[in-house]
Amino acid sequence: MIYRSHTELMPSDDAYRRILEQARARNFMLGVTGYLHWEDGIIHQWIERPATGLSIVEQYILSDRNHQNTVVLDRGYGPEREFEGWSMAENKSEGNSLFAFIAASAVPSSNHAAYARNIMSFMKQQLV
């Protein structure tokens, strides 16, 4: 599943760091892996496997008041994990802008499936 939400939290905030650490611990216990990108108050997060763990994490996200205007961009099943071994990889826009990457690709955000694939390409490039 990949979603986008707005937040007022900044990566430098203690609350942001605390929530991130709690999410990593929860993801590890549930066998969920993924990637989170924060940029200009907007979070894009990819979370994967297993279905029961994803369902639990999704409920946390949807009920967390730190996530506003949450939109699920795509969900499905892939043959393998994209972020194996990461309870949650993380990136901030320092130096690499997802928004610039998306603008250069000219994929409209209204095409959720193509937009989600584009975000995944960006996220994978950040781990190289």
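In this predicted model, a polar contact of 2.8 Å joins the side chain of Thr33 to the side chain of Glu48. A further polar contact, of 2.9 Å, links the side chains of Thr33 and Arg81. Thr33 belongs to strand β2, and with a relative accessible area of 7% it counts as buried, because the limit for that word is under 20%. The surroundings of Thr33 can be listed too: leaving aside neighbours within four places in sequence, Thr33 is in contact with Trp46, Ile47, Glu48, Arg49, Arg81, Phe83, Gly85, Trp86 and Ser87.

Arg81, one of the two polar partners of Thr33 just described, also takes part in a salt bridge. Its partner there is Glu84, and the closest N and O atoms of the pair are 3.7 Å apart. Arg81 is partly exposed, with a relative accessible area of 22%, while Glu84, at 58% relative accessibility, counts as exposed.

From here it helps to step back to the sheet that holds β2. The sheet is open and is formed by 5 strands in the order β4-β1-β3-β2-β5, with mixed pairing. Why do β4 and β5 each have one side without a neighbour in the sheet? Both stand at the edges, and each has a single partner strand, so one side of each is left free of a neighbour. On average, neighbouring strands of this sheet are turned by 15° against each other, direction ignored.

The individual pairings can now be followed along the sheet. Strand β1 covers residues 2-6, and 4 of its 5 residues are buried, so it is mostly covered. On one hand, β1 pairs with strand β3 (residues 42-48) in the antiparallel sense over 5 bridges; here His6 has Ile42 of β3 as its bridge partner. On the other hand, β1 is joined to strand β4 (residues 68-74) by 4 bridges, and these two strands also run antiparallel. In that pairing, the bridge partner of Ile2 is Asp74 in β4. A parallel pairing is found between β2 and β5, which are joined by 4 bridges. Tyr35 stands opposite Ala89 of β5.

Helix α1 lies across β2 and β5, and runs at about 155° to β5. A salt bridge connects this helix with that strand: the side chains of Glu90 and Arg17 meet with an N to O distance of 3.1 Å. Glu90 lies in strand β5 and Arg17 in helix α1, so the pair ties together parts that are 73 residues apart in sequence. Arg17 counts as partly exposed, at 30% relative accessibility. The pair also belongs to a wider arrangement, since Arg17, Glu21, Arg24 and Glu90 are linked in a network of salt bridges.

How many salt bridges does the structure hold? The number is 6. One of them brings together the side chains of Glu58 and Arg75, at 2.9 Å from N to O. Glu58 lies in helix α2 and Arg75 in the loop between β4 and β5, so this pair ties together parts that are 17 residues apart in sequence. Glu58 is buried, with a relative accessible area of 13%.

The nonpolar residues complete this part of the picture. The largest nonpolar core has 15 residues, and Tyr16 and Ile47 touch the most other members. At least two residues of this core come from each of α1 (14-30), β2 (33-39), β3 and α2 (51-63). What does Ile47 touch, not counting residues up to four places away in sequence? The residues are Met1, Val32, Thr33, Gly34, Leu54, Val57 and Ile61. There is also a second, separate core of 14 residues, and among its members are Ile2, Leu73, Phe83 and Phe122.

A last buried polar residue is worth a look. Asn118 lies in helix α4, which spans residues 112-126, and is buried with a relative accessible area of 9%. Its side chain makes a polar contact of 2.5 Å with the side chain of Ser105. Not counting residues up to four places away in sequence, Asn118 touches Phe101, Ile102, Ser105 and Val107.

Terms used
Residues are numbered from 1 along each chain as its sequence is written. This is a predicted model: local features need pLDDT of at least 70, side-chain atom pairs count only at pLDDT 80 or more; totals for chains, interfaces and linings use all residues. Side-chain values use heavy atoms; hydrogens and water are left out. Buried means under 20% relative accessible area, exposed over 50%, partly exposed in between (1.4 Å probe, protein chains only). Two strands pair if DSSP finds at least two bridges between them. A nonpolar core is a set of buried Ala, Val, Leu, Ile, Met, Phe, Trp, Tyr and Cys residues joined through side-chain atoms within 4.5 Å. Contact means heavy atoms within 4.5 Å. Axes are lines fitted to C-alpha atoms, for helices over the stretch in contact, and angles run from 0 to 180 degrees between N-to-C directions. A polar contact is a pair of N or O atoms within 3.5 Å; within protein, one must be able to donate a hydrogen and the other to accept it, and residues adjacent in sequence count only if both atoms are side-chain atoms. A salt bridge is a side-chain nitrogen of Lys or Arg within 4 Å of a carboxyl oxygen of Asp or Glu.
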